[in-house]
Amino acid sequence: APTERDVPVVAARHVATRARTTPTITTPPNVEYANCTAVRAAGAAPLYRGQPGYASHLDRDGDGVACES
C-alpha cells in the first residue's frame, strides 16, 4: 500500500492552492435602474461607467459617476 512518502509533493501543493481559492461573486449584467432613488435603495450608489446598472441618464454631470450624491 502507498505511504505518505509515495504521494508527490506537487499533488499536495495543488490541494492547498485549491483550498485558498475564493468564489467569484457576479452582479447580473442586465441590472437597470429607473432613477438614483432606486440605485440608492438597492445599496448600489455610486455607480461607475462600465459597472452593471450604470446609465447616462443617471449621470447628471457626465463624469462617469452616477448617483454620486
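These are my notebook entries on a predicted model, looked up feature by feature.

**Ground rules.** I number residues from 1 along each chain as its sequence is written, and side-chain values use heavy atoms, with hydrogens and water left out. Since the model is predicted, I take local features only at pLDDT of at least 70 and side-chain atom pairs only at pLDDT 80 or more, while totals for chains, interfaces and linings use all residues.

**Overall layout.** I looked up the secondary structure and found 2 helices and 2 strands. Read from the N terminus, the order is α-α-β-β. Helices (H or I, at least four residues) and strands (E, at least two) are DSSP runs, numbered from the N terminus. Next I checked burial: 17% of the 69 residues count as buried. Here buried means under 20% relative accessible area, exposed over 50%, and partly exposed in between (1.4 Å probe, protein chains only). For contacts, meaning heavy atoms within 4.5 Å, I took those with a separation of 6 or more, and 18% of them join residues 24 or more positions apart.

**The disulfide.** How many disulfides are there? I get 1, taking a disulfide as a pair of cysteine sulfur atoms within 2.5 Å. The partners are Cys-36 and Cys-67, with S to S at 2.1 Å. Cys-36 sits in helix H2 (residues 36–41) and Cys-67 in the segment after strand E2 (65–66), so the link ties together parts 31 residues apart in sequence. The angle about the S-S bond is -80°, which I log as left-handed. Both ends are buried: Cys-36 has a relative accessible area of 18%, and Cys-67 comes in at 6%. I also noted the backbone at Cys-67, where phi is positive, about 55°, although the residue is not a glycine.

**The core.** Which residues make up the largest nonpolar core? I list 8: Tyr-33, Cys-36, Val-39, Leu-47, Tyr-54, Leu-58, Ala-66 and Cys-67. The disulfide partners Cys-36 and Cys-67 are thus both on the list. A nonpolar core is a set of buried Ala, Val, Leu, Ile, Met, Phe, Trp, Tyr and Cys residues joined through side-chain atoms within 4.5 Å. I then followed one member, Tyr-54: leaving out residues up to four places away in sequence, Tyr-54 touches Leu-47, Tyr-48, Arg-49, Asp-59, Gly-64, Val-65 and Ala-66.

**Asp-59.** That list led me to Asp-59, in the loop between strand E1 (47–48) and E2. Asp-59 is buried but has no salt bridge, and the nearest side chain of opposite charge, Arg-49, is 4.1 Å away. My cut-off for a salt bridge is a side-chain nitrogen of Lys or Arg within 4 Å of a carboxyl oxygen of Asp or Glu. For charge, Lys and Arg count as positive and Asp and Glu as negative, with His and the chain ends not counted. What I did find is the backbone nitrogen of Gly-64 at 2.7 Å from a polar atom of the Asp-59 side chain. Beyond neighbours within four places, Asp-59 contacts Arg-49, Tyr-54, Gly-64, Val-65 and Ala-66.

**The loop between H2 and E1.** Last stop: Pro-46 is in this loop, and the peptide bond leading to Pro-46 from Ala-45 is cis, with omega near -5°. Ala-44 lies in the loop between H2 and E1 too, partly exposed at 21% relative accessibility. Not counting residues up to four places away, Ala-44 touches Tyr-33 and Val-39. I also took the C-alpha separation of Ala-44 and Cys-67: 9.1 Å, for residues 23 apart along the chain.

Methods. Polar contact = N/O pair within 3.5 Å; in protein donor to acceptor, adjacent residues only side chain to side chain.
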